[in-house]
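Visitor: Please take a close look at one exposed or buried residue, and then show me how the parts around the chain are arranged. I am a first-year student, and I should be grateful for a single connected explanation.

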Amino acid sequence: MNLNKIMKKAITLFFSLLLVLSLCCVQSPSIGKVEAASIKLSKTKVILAVRQTTTLSVKNTKKSVSWKSSDSSVVTVKKGKLTAKKVGDATVTATVGSKNLTCEVHVRGDYKVLYKQLLESGKNSSGDIAGFIRMDINKDGVPELITADAISGGRSNREIYTVRGGKLVNCGNYFQNGSNYFSYNSKYKSVHYWWWTNGVGGAGDILYKISGGKLTSYKYFWSGAKSYGSEKIVYNYGTSYKKSKSISKSKFNSLEDKYLKYNKSYKFIANTSANRIKYFGN
């Protein structure tokens with residue numbers, strides 16, 4: 001082969017290799033940047049209740065991660081596990097090499113977060129939550145959450161929740177006939193439940209209090225026929241059905257006037273996203 005041709009091919013090959021190498025050098029940093037950009041936190045914003053925990057993780061890396069909270073009195077972090085300490089705001093930072101990844105942490109009052117989570121689930125222990133009311137029944141500074149199922153067969157299940165020790169507690173329930181309203185007795189800090197009795201005939205009222213995280217009967221009233229077909233009317237009063245006894249009509253009316261005249265009805269709020277934000281925040 002002609003020496004000049006060999007030299008030309010060699011020079012062409014040399015410059016071809018040089019071009020390939022230069023392209024590789026140019027592309028390598030951008031490839032590294034793409035990989036670095038893909039490293040991210042599993043969450044960038046968290047809302048917690050006091051004493052609640054959640055765990056963050058760093059995705060798309062096998063490198064070691066160091067964690068830091070901007071305010072450990074609000075939230076602590078250890079190996080990605082966040083523990084809410086008190087109401088406030090803080091930033092948790094995960095450092096991977098020279099890259100800092102941040103997550104906003106908002107610690108809110110217990111009841112707001114826990115009640116909103118329950119309403120967002122759409123379920124209480126008996127079915128779908130159609131509506132709710134927030135009210136401090138026993139005036140201890142922590143409002144209770146009253147949920148209502150949709151009316152079915154002329155009645156609706158009502159469940160009452162409170163917060164104790166940073167946990168959601170189901171206080172109990174009752175079935176309200178023929179009403180989409182919640183009745184509250186402000187004088188005696190109690191829930192008012194009323195009903196009527198078919199067949200025998202009669203009607204009753206109960207006042208429930210919240211005690212130790214439980215819905216407990218406080219006052220019980222019932223008046224109606226002594227038995228089916230009987231014309232004799234009896235008037236029962238006590239702290240509960242089992243602890244009630246017959247009293248005179250005049251005494252019964254006097255006690256009803258004393259305890260029940262403070263009852264007031266409140267319409268349930270539809271369990272929608274907009275209403276949850278309005279009453280419990282983002």
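Guide: A residue counts as exposed when its relative accessible area is over 50%, as buried when that area is under 20%, and as partly exposed in between. The model shown is a predicted one. Let us begin with Lys79, which has a relative accessibility of 75% and therefore counts as exposed. Lys79 belongs to the loop that joins strand E6 (75-78) to strand E7 (81-84). Its backbone deserves attention as well: phi of Lys79 is near 50°, a positive value in a residue other than glycine. As a general rule, most residues other than glycine have a negative phi.

Lys189 offers a second case, with a positive phi of about 50° although it is not a glycine. Lys189 is also found in a loop, here between strand E14 (181-185) and strand E15 (190-196). At 36% relative accessibility, however, Lys189 counts as partly exposed. A glycine may be set beside these two lysines: Gly122, which follows helix H2, has a positive phi near 75°.

Helix H2 itself comes next. H2 covers residues 110-121, which makes 12 residues. From its first C-alpha to its last, H2 reaches 17 Å, close to the 16 Å expected at 1.5 Å a residue. The buried residues of H2 are Asp110, Tyr111, Val113, Leu114, Tyr115, Lys116, Leu118 and Leu119.

H2 also leads to the largest pocket, to whose lining it gives the most, with five residues. The space in this largest pocket is about 160 Å³. Its lining is formed by Ile47, Arg108, Lys112, Val113, Lys116, Gln117, Glu120, Phe280, Gly281 and Asn282. Sorted by class, the lining has four charged, three polar and three nonpolar residues. Phe280, one of the lining residues, has a further contact: Arg134 lies over the face of its ring, at 5.7 Å from the ring centre. An arrangement of this kind is found again at Phe175, where the charged end of Arg155 sits over the ring, 4.2 Å from its centre.

From charges over rings we may pass to rings beside rings. A pair of aromatic rings is described by the distance of the centres and the angle of the planes. The structure holds 18 aromatic pairs. One of them is formed by Phe221 and Tyr237, a tilted pair with 5.2 Å from centre to centre and 50° between the planes. Phe221 lies in strand E17 (residues 214-225) and Tyr237 in strand E18 (residues 233-238), so this pair ties together parts that are 16 residues apart in sequence. Phe221 has a relative accessible area of 0% and is therefore buried. Tyr237, at 16% relative accessibility, counts as buried too.

Strand E18 takes part in another such link. Tyr235 and Phe252 form a tilted aromatic pair, with 5.3 Å between the centres and 55° between the planes. Because Tyr235 lies in strand E18 and Phe252 in helix H3 (residues 249-260), the pair ties together parts that are 17 residues apart in sequence. Both Tyr235 and Phe252 are buried. Elsewhere, ring pairs link Tyr174, Tyr193, Trp195, Tyr208, Tyr220 and Tyr241 into a cluster.

Methods. Residues are numbered from 1 along each chain as its sequence is written. This is a predicted model: local features need pLDDT of at least 70, side-chain atom pairs count only at pLDDT 80 or more; totals for chains, interfaces and linings use all residues. Side-chain values use heavy atoms; hydrogens and water are left out. Rings of Phe, Tyr and Trp (its six-membered ring) pair if their centres lie within 6.5 Å; planes under 30 degrees apart count as stacked, over 60 as edge-to-face and the rest as tilted. Helices (H or I, at least four residues) and strands (E, at least two) are DSSP runs, numbered from the N terminus. Buried means under 20% relative accessible area, exposed over 50%, partly exposed in between (1.4 Å probe, protein chains only). A charge sits over a ring if NZ of Lys or CZ of Arg is within 6 Å of the ring centre and within 35 degrees of the ring normal. The expected span of a helix is 1.5 Å times one less than its number of residues. On a 1 Å grid over the protein atoms alone, a cavity is a set of points where a 1.4 Å probe fits but cannot get out, and a pocket is an open set with protein on both sides within 12 Å along at least five of seven lines; lining residues have an atom within 4 Å of a point. Grid points are joined across faces, edges and corners, and a volume is the space filled by probe spheres set on the points. Ala, Val, Leu, Ile, Met, Phe, Trp, Tyr, Cys and Pro count as nonpolar, Asp, Glu, Lys and Arg as charged, and the others, Gly among them, as polar.
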